[in-house]
Amino acid sequence: MTITFGLEEDFSKRRMPSRRVRRHFSQLSEFERVLIIGMKTAGWSKRRVARQVYSSECVVRTCWEQWARDGTDVRRIGRLAAANLQSKRPVRVLPLTPKRRRLRLQWCHAGATWNETNFQNVVFGNESRFVLGTDDNHVQFHPRCRATHCPQSRRNGLEAITYAGRSTLIVVRVNLKGQRYVYDILRPHVKPFLNGLPGAIFQQDNARPHTARVAPDFLRHVHTLPWQALSPDLYPIEHVWDQLKRQMPLRYSVHDLEVAVQDLWVHLPQDYIRHLINTMPNRFAAYIAAEGGPKSY
């Protein structure tokens with residue numbers, strides 16, 4: 001979208017207020033932010049722009065730097081403003097309440113007694129999402145402990161990793177709910193995988209399919225490791241998913257997407273998984289030092 005600037009003439013026709021009121025950046029309307037970005041794009045100085053929008057040079061600089069940092073498109077801002085909508089930056093840290101931080105800290109203190117050998121017996125299971133394009137249509141995956149939702153461009157799945165090996169990656173093309181999680185994932189895949197690992201401890205997060213009554217009932221004879229809510233930053237398997245997504249080549253069909261994920265999963269070095277699991281004691285120590293708060297590990 002090209003913004004045409006006869007702005008000086010248009011603004012000069014306005015009746016100037018007797019007193020100029022300078023506003024904070026948060027008080028700017030979306031339309032005024034579009035004007036600021038447009039005028040700066042046209043080469044106007046901060047002082048000149050500030051005079052036109054009755055604001056300070058600091059506000060103009062903040063608006064311009066935010067746009068340059070976030071890569072926000074002027075056309076996108078205009079469309080949001082026309083629909084009376086606002087854009088927000090995604091949360092980059094976990095929204096932990098003081099109570100949640102206290103619970104995480106207590107939980108980490110309990111887990112700090114474990115060493116690398118203890119964690120080598122844990123089987124970590126989790127889901128992730130893979131999509132054909134940049135739009136996340138809630139496509140997820142489970143490796144042998146992996147399930148999948150599948151409308152057209154989306155997939156949902158489960159995977160499991162342990163120090164000694166990993167499960168196979170299973171794609172489930174339906175919404176994953178409690179009963180389906182038990183009958184399509186736990187019973188045919190996870191339970192046999194755990195039976196082949198003497199002394200295995202199964203760990204999963206608190207996603208709804210995992211906490212539905214039917215799932216804990218099925219796992220009542222399995223040694224499980226309780227996991228604190230809102231703690232994906234402690235989860236080594238999240239690094240595995242991140243590694244796979246970074247290596248994911250561009251795909252143009254769901255079938256190619258499935259094949260690519262399976263291939264990346266099979267060729268993921270086991271030494272990388274072992275390294276992640278061996279970092280668990282250090283992770284607990286880091287979160288204790290952060291008093292249960294979020295920590296980039």
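This briefing describes the fold, cores, helices and selected residues of one protein chain. The model is predicted. The protein has 297 residues, of which 42% are buried. Its secondary structure consists of 14 helices and six strands. Among contacts with a separation of 6 or more, 64% join residues 24 or more positions apart.

**Nonpolar cores**

- The largest nonpolar core contains 30 residues. Phe-124, Trp-227 and Val-240 have the most contacts inside this core.
- Six elements each supply at least two residues of this core: α6 (98-111), β1 (122-131), α11 (237-247), α12 (254-266), α13 (270-278) and α14 (280-289). The biggest contribution is that of α12, with five residues.
- A second core is separate from this one and has 19 residues. Among them are Val-123, Leu-158, Phe-193 and Leu-194.
- Val-240 shows which residues can meet around one member of the largest core. Apart from residues up to four places away in sequence, Val-240 touches Glu-159, Ile-161, Trp-265, Leu-268, Tyr-272, Ile-273 and Leu-276.

**Ile-237 in helix α11**

- Ile-237 is part of helix α11. Its relative accessibility is 0%, so Ile-237 counts as buried, the cut-off being under 20%.
- Leaving out neighbours within four places in sequence, the contacts of Ile-237 are Phe-124, Gly-125, Asn-126, Glu-159 and Ile-161.
- Ile-237 and Ala-160 are 77 residues apart along the chain, yet their C-alpha atoms are separated by 8.1 Å.

**Helix α6**

- What span should the 14 residues of α6 have at 1.5 Å a residue? The expected value is 20 Å, and the end C-alpha atoms are 20 Å apart, which agrees.
- The buried residues of α6 include Arg-104, Trp-107, Cys-108 and Gly-111. They cover an arc of only 100 degrees around the axis, and therefore lie on the same side of α6.
- The face turned away from the buried side of α6 carries Pro-98, Lys-99 and Ala-110, which are exposed.
- On the buried side, the residues of α6 pack against α7 (116-119) and α14.

**Helices α13 and α14**

- Two packed helices are described by the angle between their axes and the distance between the axes.
- For α13 and α14, the axes come within 5 Å and the crossing angle is roughly 40 degrees.
- On the α13 side of this contact are Leu-276, Ile-277 and Asn-278, and they meet Met-280, Pro-281 and Arg-283 of α14.
- Sorted by class, the contact between α13 and α14 has four nonpolar residues, one polar residue and one charged residue.
- Leu-276 of α13 is also one of the residues that Val-240 touches.

**Loop residues with positive phi**

- Tyr-54 is not a glycine, but its phi is positive, at about 55 degrees. Tyr-54 sits in the loop between α3 (46-53) and α4 (57-70).
- Is Tyr-54 buried or exposed? Its relative accessibility is 16%, so Tyr-54 counts as buried, since buried means under 20%.
- Leu-230 is another residue other than glycine with a positive phi, here near 55 degrees. Leu-230 lies in the loop between α10 (214-218) and α11.
- The relative accessibility of Leu-230 is 41%, so Leu-230 counts as partly exposed, because this class lies between 20% and 50%.

**Two charged residues in helices**

- Glu-32 is located in helix α2, which covers residues 30-41. With a relative accessible area of 16%, Glu-32 is buried, because the value is under 20%.
- Glu-32 and Gln-52 are 20 residues apart in sequence, and their C-alpha atoms are 9.9 Å apart in space.
- Asp-184 is located in helix α8, which covers residues 178-195. With a relative accessible area of 30%, Asp-184 is partly exposed, because the value falls between 20% and 50%.
- Asp-184 and Val-172 are 12 residues apart in sequence, and the distance from C-alpha to C-alpha is 8.2 Å.

Key. Residues numbered from 1 in each chain as written. Predicted model: local features only at pLDDT ≥ 70, side-chain atom pairs only at ≥ 80, totals over all residues. Heavy atoms only, no water. Core = buried A, V, L, I, M, F, W, Y, C linked by side-chain atoms within 4.5 Å. Buried < 20%, exposed > 50% of the residue type's maximum accessible area, 1.4 Å probe, protein only. Helix = DSSP H or I, 4+ residues; strand = E, 2+ residues; numbered from the N terminus. Contact = heavy atoms within 4.5 Å. Axes fitted to C-alpha atoms, helices over the stretch in contact; angles between N-to-C directions. Nonpolar A, V, L, I, M, F, W, Y, C, P; charged D, E, K, R; others polar. Expected span 1.5 Å × (residues − 1). Arc of directions from axis to C-beta.
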